[in-house]
Structures are given as structure tokens and as C-alpha cells.
Amino acid sequence: RRAMSSASALRARGDDKELARWRESMDRMRNIGISAHIDSGKTTLTERVLYYTGRIHEIHEVRGRDGVGAKMDSMDLEREKGITIQSAATYCTWNGYQINIIDTPGHVDFTVEVERALRVLDGAILVLCSVGGVQSQSITVDRQMKRYEIPRVAFINKLDRMGADPWKVLNQARAKLRHQSAAVQVPIGLEEEFEGLVDLVELKALKFEGGSGQEVVTSDVPSNMQDFVMDKRRELIEVVSEVDDQLAEAFLNDEPITANELKAAIRRATVARKFIPVYMGSAFKNKGVQPLLNGVLDYLPCPLEVENIALDQNKSEEKVSLSGTPAGPLVALAFKLEEGRFGQLTYLRIYEGVIRKGDFIQNVNTGKKIKVPRLVRMHSNEMEDIQEAHAGQIVAVFGVDCSSGDTFTDGSVKYTMTSMHVAEPVMSLAVNPISKDSGGQFSKALNRFQREDPTFRVGLDPESGQTIISGMGELHLDIYVERIRREYKVDAKVGKPRVNFRESITQRAEFDYLHKKQSGGQGQYGRVCGYIEPLPSDAEGKFEFDNMIIGQAIPSNFIPAIEKGFKEACNSGSLIGHPVENIRITLTDGASHQVDSSELAFKLAAIYAFRQCYTAAKPVILEPVMKVELKFPTEFQGTVTGDINKRKGIIVGNDQEGDDTVVVCHVPLNNMFGYSTALRSMTQGKRRVYNGVYGA
């Protein structure tokens, strides 16, 4: 509706040429992400895409011997470890179409990078390894794509590897990911004999020649593969006709189906998220990348074909469908922050309207008006200055102070985009700088990383005084500690967070203590008598002090000092030095001196009296216990429950939810350090949920 009104507004002004120009520009744009399990070849695939589209002029490998590293891995740590840590944006042109690409990490520890990339994209490529198949992170990434309703194509990579079996992977995708999918290509040979592909839509054989596979040579289907190819084409038509009525009609009437009809049907079904076309190839061996790029243009939606919903803050968050046209009011979402050489770099996805350098834009979340000092398009860590950008594009701005997830408008509307899903941290570490002089830089680093990454949390334990950092796993936190060392020159000491134990007493014990000190001049004199006892379990507080003295054995002005002394003594029990809880102290008698008694004397008397009787009250140590809820595939039940018992856990509930087992148990917090990583290993990365709640 809004798209039509924006278009009619342009027509009313006689801007038919302008209308046609931006429509064509939007039709020729694709915003895609490349996501997969660790080591499936995402960054290698992106490197080939950039090479074939002319964005880079030579190919470098992720762990190449030349030491240069892939273009999208711009951080030193990424090149050293051979993994992607941050999602990186770039853009390229293929057959007259502009493609904005975001390459995402595969590690579960950096899942927020995948989450925020998918939040702003219109389509995606799900890369699967032809040997590893559908792995744990493939399932997670696919779940994220479903959450944001993203149409996708699949790419089965590494067909040159020993043990490659694309048909096994295709069946796994159908079974584990519940994909309605079929191959649109068939490989010519596998493993060392992998030569090329047969396109099932056009019925042409494709071979990739030249030094880097840049020349695509088309020929007829090899005679020895004719029957197999026709079977697979029929299977493709059958699967698509199940979700597309037009193709189903032609298929049931036994009409010959042309390449254009099949292509149109696959596009309709893919954009409607009812079908996933499966491409094949080997990015490392430079085979199959160009047909995949054609598939992105043919089957993935342009920005106008995707419905984006905003919430109107002036109308109690009423849902508004955005037109996606440059003619409407500006609506842009800040989905990623980065600290660049020139200050904060904010990545924006523009959903509607136009943003220009020098314009004033309004942050709807804070109400602040900000001028756009510099507008750039990103190519990994390189920037290209631009004067304006319109709806559908992904750009970055400098010097705009905001948080991840903020919405910007031109001030004429008050829309906010729906926020993205942020997982709760699963692991914590205690961290502090080795040198006391570097505290300022250390705080600066933690504040910056918190702003950039919503899954990275920093807190201060009020009891131990330790700085606690929390994140998605050991690798996630290790990377941040390493970045603090490299980028801020601060060496940090990392350790297990101190568990806050408690002490308590189990029986009543009497005390009668006289504190007397004479050292010339006014001395110290104070005597306290009474008893300590455990509080009942239904008591409201954890410390009670009762004054049961009758008469003036101790003047009333000294009673607060005695209570203060007992409270101070309870801060550190004699067993392990942790606070004492659930205790009632009753004062029954005492004595004072006219000259030598003072608040200090009675406070010290109370402290020493407590220490005197504490052992007789049979103290015990209380340890914090977590109520833990685990959800994991039933096949791992024996391993997981065995590990819980090893950690001194008590299982209090066991349920079945489809293919998953849900276990509720109570486990001592001291035995839970690093449990998320252990659980990930035990379930081969397939654990669904891990929630820990502190108990008593």
C-alpha cells in the first residue's frame, strides 16, 4: 500500500522517468549473507565471488602460504587463526546486478554476528560441506534464517574432497532441516575426478577453465549421464510442483516444461520460502561459483519483494509495512557498530527513503538529531565515500553516536524496526589488568566491546570485587582478552570467577567475653554476655540482633556499637573466610566501666565474643546451587546424565519433547565452570538450550 502511494506521489509530480529508474535499480539489487558451519568454505566462496565479479584481482586463501589471507578476514587474529570472527560487508556487480554480501562467522561463539547480519538481509546462501553434511552449526544457522523468514539457496561445497557425497547431504537437509529442496545441478565426477556440473534447468554441461576457473565453457550433457540427468530433472520438477500450482498443472498434464517456465516456478517457490534450490561445486578448486551467482540473481528476492515491518511509536507500536522505495520517508536500522580509525563506524540497512551526506537524521530510540558527516560503502575493511544511498542498500556512517539496534528516520515519522534476537551469555571469566596503571585503557576496551557486541557482558562482583566478563563460549572470551592485549596494549589476568560461598551455624552457643585493655591514660573496657543461634528457615532476614538486657548493665548508647561489631564479625567466618548467614545474636548481660568504656571497646568485645563462641556453634559451609535446565537430542541422554552425576548434580525432572530430552537438575555452582563447552562437546554441538538459574 505504501509502495503504491510513494509511486503515485512520484507520478503526480511527473517523475515517471525517476520512478522507472529506481524500480529498475531496486530490481537489480540483491542483499545476501553467506552462512554455514565452521570450515564449510564461506570465506573461500566469498573470495571467489569477489574475484569473478572483478572486485579483487587475485585470489588469496584463508590459510594461504603467501601470508596475505582472504579479503574478508581483515583482522590480524582472523588471519592467524584461519577463522572468521566478525561479519564483514562488501558489494560487487554481476551481469549488471549489484550484490551486497555479508560474510559471517561459523563458530557458535560468534552467533550474534550471524544473527544481526540475517536481520537485515533479503536472502542467503547456506553452505554445506559435501563430506561433513548437515552439522550442528548448520542447524543453528538454518534456525536463524527461519526466524527472520529469509529465502535461501543451498550450496554443497568441497565436491573435490575425499568422501564427497552431495546426495547424502541433500537427504540430510531434507531430514534434519525439514527442507523442501532439490538439486538444480548434477556434478560431473566426484572427489579427484570432479570436472564440472550439469545444469538441470537449461540441460547444459558446465566446465570451468583458465588459471582460476574464470572461463565457463558450456557444452551438451555427456552421453553417459543422460538418463541420470533426466531422472534428477524430473525429481526437481516434482518437488517444485508440490509447492507451485502453475508448474503442478503443467506437470500433471504431461506438458513439456521449458527452462524459462521451470526457472520462473523455482523463483516463485524460493521467494515464498517454500523451496530451496541446491547448487554444487568446489570454491577452493574454482568450480561452480559463477552458476551460484546466477542462481542468486535468478531465485533470491530483490528488496521490493521482501516485506519489512516497522512499529509506529505514535500509534502504540502499530505494525506498518514499509514500501522499500526511495520516495518514502527515511527509515534505517543500525545493525552493527565497529570502532574504526576515525571513530565509531555504524552499519546501516536502509529500508525506505534516501540518506545523503550532510543530512540531519533522527535517532528514534533516543530522540537525538544527528548530522551525517561521512557516508561510506564497505568493502571488508576498505571504505568508498559516497554522497547518497537509497532504500535497499547497506552503508556505513561515521561519527554517529548510537547503539546496536537503533532506528534512524528523517524526523517525519517515528518508526522503529523490530529488534533482533540476542542469546544470553553462557560462560563467565574473572579478568583484571596485570598493571594497575592500565586500568583506564582496560575500562575503555571493555566499554567499547560491550557496545559492539550485545552478547558480551561486563559486571562487577560486589562481594569479591572481581570484574566478570560473560560471553558465548571460551573462544569468544579468549578472542576479546587477546584483542585487549593487541589493540589497547593491556595484559590481563584471566581466571575462574570466585564462587561466593556462605557459612552458617547449626546449634546454639553461649558467649561471655570481657575486653579489657590498660595502657596508660584512658583504657578500654567492655563485657558482653549472650548466645548465638541459627535462624528458623522461614525467617525474613539473614541476620538478627536482639537486645534482651534488663536495666542498665550496658548503657543504651553502646548497644549500636555492639550490633555493629557483631555484623562486622559476620562478614568473615573462621572456616573459609566467607560471610556468615542465618544467625541470630541475643545480648543478655554485660558490664561497663564509667571511664574506660567506649563504643570502640564494646565493638571489639562483640567481635572477639563472636570468634570465641563460633566454633562451639558447629559452623557449616553453604555452597550456591544452580537449577539447570538442559534440552538436547535423546541420543546423548546417557552421556549428559552421567556427566551431571560426576558434577555432584541431582536430577529432579526428566521429560521428552519430540526428538529432545529435557532434564532439570540441581548442580553446585562451583562444579559448573566451563559446563557450556563440555555440553557442546558431549552433544557434538547439538545442544538446544542450557539455562542456569541460581538457587539457594
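# Exercises on a predicted model

The structure, a predicted model, holds 12 aromatic pairs.

**Exercise 1. Classify the ring pair of F449 and F456, and state whether the two residues are buried or exposed.**

Step 1. The ring centres of F449 and F456 are 6.4 Å apart. Centres within 6.5 Å make a pair.

Step 2. The ring planes stand at 80°, so this pair is edge-to-face; the cut-off for that class is over 60 degrees.

Step 3. F449 and F456 are both buried.

Step 4. Ring pairs also join F449 and F456 with Y480 and Y488 in a cluster.

**Exercise 2. Work out how Y513 and Y608 pair, and which parts of the chain the pair links.**

Step 1. Y513 and Y608 are 5.9 Å apart, centre to centre, with 45° between their planes. The pair is tilted.

Step 2. Y513 belongs to strand β30 (residues 509–517), and Y608 to helix α15 (residues 599–614). With these positions 95 residues apart, the pair links distant parts of the chain.

Step 3. Partly exposed residues fall between the cut-offs of 20% and 50% relative accessible area. Y513, at 23% relative accessibility, counts as partly exposed. Y608 counts as partly exposed too, at 32%.

**Exercise 3. Find which rings R55 and K232 sit over.**

Step 1. R55 lies over the face of Y91, at a distance of 4.3 Å from the ring centre.

Step 2. K232 has its charged end over the ring of W167, and the distance to the ring centre is 4.0 Å.

**Exercise 4. Describe the overall form of the chain, using its radius of gyration.**

Step 1. The chain contains 17 helices and 38 strands.

Step 2. Its radius of gyration is 33 Å, whereas the globule rule gives 26 Å for 696 residues. The value for the chain is well over that of the rule, so the chain is more spread out than a compact globule.

Step 3. The C-alpha trace spans about 110 × 60 × 50 Å along the principal axes.

Step 4. The domain assignment gives domain 1 (18–299), domain 2 (308–416), domain 3 (427–495), domain 4 (502–622) and domain 5 (625–693). Between the C-alpha centres of domain 1 and domain 4 there are 74 Å.

Step 5. Among the contacts in the chain with a separation of 6 or more, 71% are between residues 24 or more positions apart.

**Exercise 5. State how much of the chain is buried, and how far helix α11 is covered.**

Step 1. For the chain, 54% of the 696 residues count as buried. The accessible surface comes to about 31400 Å², and carbon and sulfur atoms hold 46% of that surface.

Step 2. In helix α11 (residues 289–299), nine of the 11 residues are buried, and the helix is mostly covered.

Step 3. The buried residues of α11 are V289, Q290, P291, L292, L293, G295, V296, L297 and Y299.

**Exercise 6. Locate P454 and list its contacts beyond the neighbours within four places in sequence.**

Step 1. P454 lies in a loop, between α12 (439–452) and β26 (457–460).

Step 2. The relative accessible area of P454 is 23%, and P454 is partly exposed.

Step 3. With neighbours within four places in sequence left aside, P454 is in contact with V112, R116, M420 and V422.

Step 4. D406 is 48 residues from P454 along the chain, and 13 Å separate the C-alpha atoms of the two residues.

Notes: Residues numbered from 1 in each chain as written. Predicted model: local features only at pLDDT ≥ 70, side-chain atom pairs only at ≥ 80, totals over all residues. Heavy atoms only, no water. Phe/Tyr/Trp six-rings, centres within 6.5 Å; stacked < 30°, edge-to-face > 60°. Buried < 20%, exposed > 50% of the residue type's maximum accessible area, 1.4 Å probe, protein only. Helix = DSSP H or I, 4+ residues; strand = E, 2+ residues; numbered from the N terminus. Lys NZ or Arg CZ within 6 Å of the ring centre and 35° of its normal. Rg over C-alpha atoms; globule rule 2.2 N^0.38 Å. Contact = heavy atoms within 4.5 Å. Areas by Shrake-Rupley, 256 points an atom, 1.4 Å probe, with all protein chains shown as cover. Domains from an automatic or database assignment.
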